[in-house]
Amino acid sequence: MIAKRCPLIAGNWKMNGLKKDGRTLASTLAKHIKKKKKGKQPFGMLICPPFTLLGAVGAALKGSAVMLGAQDCHISESGAHTGDISAKMLKDLGCDYVIVGHSERRADHKESNAMVKAKAEAAIKAGLKVIVCIGETLAQRDAGRTIAVNHRQLRGSLPEGATAANTVIAYEPVWAIGTGRVATPDQAQEVHAAIRSALIRALGEKEAAKMRILYGGSMKPDNAKELMALEDVDGGLVGGASLKAKDFWAIAKSQT
Ligand code: PGA
């Protein structure tokens, strides 16, 4: 039996936005979602602005069903880590989620699977939900290593104690991020199904069937419906298109 998973549409603003744009974008989305009838919301919506905007965006989202998330956290609760932000601080600020292991952080900050796993565990301990990102580069895909790479990253990054309630996986092929080159439905479904199988091995059939696996990489209003209709795609992690309220809302609505 196919488990019913509530899709999640998450916007990753990356290092974009100043106070005014952030507030406007967040309150426009909050208004859109408020217009939908209560109790009829068929998907969850989340925005992950940069740290500097979490307070302002959180205030703009207050009372709405749009959730707030951050893009990274440190593995420790507090201490001598200049420039870092802990999961506990994010929780204290009102965050619901944190993204860990995005390929840009793996590349720019040399984050290993072990580091990503430790961050995810710290986040869960602090009471946050995590979006754990994995995905192959073009060279790895061309070498026929797509499934092996995603399996290895998943095994290495999946937090201890992961459940469908505290963990979401995001499959983000690195070659599709910000490039306008999107995975075909066949390519996406093949990897999502392989991730689901690995989750079954790691967590058991029941938990794996409930865990959401998002697709990320050049998701736009014109390709979202086809991608999100795939059996093992349970929403999207959207970068560029999440910076425009109209596009992000169109993507979210294509889920219905
Ligand atoms: P993109 O980014 O939608 O701009 O390709 C997705 C992501 O990196 O999360």
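How many of the residues of strand β1 (residues 8-12) are buried? Select that strand to begin the tour, keeping in mind that this is a predicted model. The count is 5 of 5, and β1 is mostly covered.

**Stop 1: strand β1**

Show the side chains of β1 and look at its two faces in turn. Leu-8, Ala-10 and Asn-12 sit on one side, Ile-9 and Gly-11 on the other, and all of these are buried, with both faces of the strand covered. In a regular strand, side chains alternate between the two faces of the sheet.

Now look for the neighbours of β1. It pairs with β2 in the parallel sense, over 5 bridges. To find one of the paired positions, pick Ile-9: its bridge partner in β2 is Met-45. Strand β8 (residues 235-238) also joins β1, running parallel to it through 4 bridges. Here the pair to click on is Gly-11 and Val-238, which stand opposite each other.

**Stop 2: from β2 to β3**

Move on to β2 (residues 44-48), which is parallel to β3 and joined to it by 3 bridges. Label Ile-47, and you'll find Leu-68 of β3 opposite. Then trace the chain between the two strands: it leaves β2, passes through helix α2 (residues 54-61) and arrives at β3, making a right-handed β-α-β crossover.

Is β3 enclosed or open? Select residues 66-70 to check. Since 4 of the 5 residues in this strand are buried, β3 is largely enclosed by the rest of the structure.

**Stop 3: on to β4**

Next, select β4 (residues 97-100), which runs parallel to β3 and is linked to it by 2 bridges. Ala-70 of β3 and Val-98 of β4 stand opposite each other. Follow the chain once more: from β3 it goes through helix α3 (residues 87-93) to β4, and this β-α-β crossover is right-handed too.

**Stop 4: the ligand**

Centre the view on the ligand and bring up its surroundings, where 13 residues make up the shell; the closest are Lys-14, His-102, Glu-172, Gly-178 and Ser-218. Colour the shell by class and you get 4 nonpolar, 7 polar and 2 charged residues.

Three polar pairs to put distance labels on:

- Lys-14: a polar atom of its side chain is 2.7 Å from a ligand oxygen.
- Gly-178: here a polar backbone atom lies 2.6 Å from an oxygen atom of the ligand.
- Ser-218: a backbone N or O atom is 2.7 Å from an oxygen atom of the ligand.

Try a surface view too: on its own the ligand exposes 280 Å², and the protein buries 97% of that.

**Stop 5: Ser-218**

Stay with Ser-218 and zoom out a little to see its loop, which lies between β7 (213-216) and α10 (221-228). Is Ser-218 buried or exposed? Its relative accessible area is 8%, so it counts as buried. Now turn to its side chain: a polar atom there lies 2.8 Å from the backbone nitrogen of Gly-180.

**Stop 6: Ser-254**

For the last selection, go to Ser-254, in the segment after α11 (245-253). With a relative accessible area of 12%, Ser-254 is buried. Finish by adding Met-228 to the selection: the two residues are 26 apart in sequence, while their C-alpha atoms are 8.0 Å apart in space.

Conventions. Residues are numbered from 1 along each chain as its sequence is written. This is a predicted model: local features need pLDDT of at least 70, side-chain atom pairs count only at pLDDT 80 or more; totals for chains, interfaces and linings use all residues. Side-chain values use heavy atoms; hydrogens and water are left out. Buried means under 20% relative accessible area, exposed over 50%, partly exposed in between (1.4 Å probe, protein chains only). Two strands pair if DSSP finds at least two bridges between them. A crossover is right-handed if, with the strands pointing away from the viewer, the path from the first strand over the helix to the second runs clockwise. A residue is near a molecule or strand if one of its heavy atoms lies within 4 Å of it. A polar contact is a pair of N or O atoms within 3.5 Å; within protein, one must be able to donate a hydrogen and the other to accept it, and residues adjacent in sequence count only if both atoms are side-chain atoms. Accessible areas come from the Shrake-Rupley method with a 1.4 Å probe; for residues, only the protein chains shown count as cover. Ala, Val, Leu, Ile, Met, Phe, Trp, Tyr, Cys and Pro count as nonpolar, Asp, Glu, Lys and Arg as charged, and the others, Gly among them, as polar.
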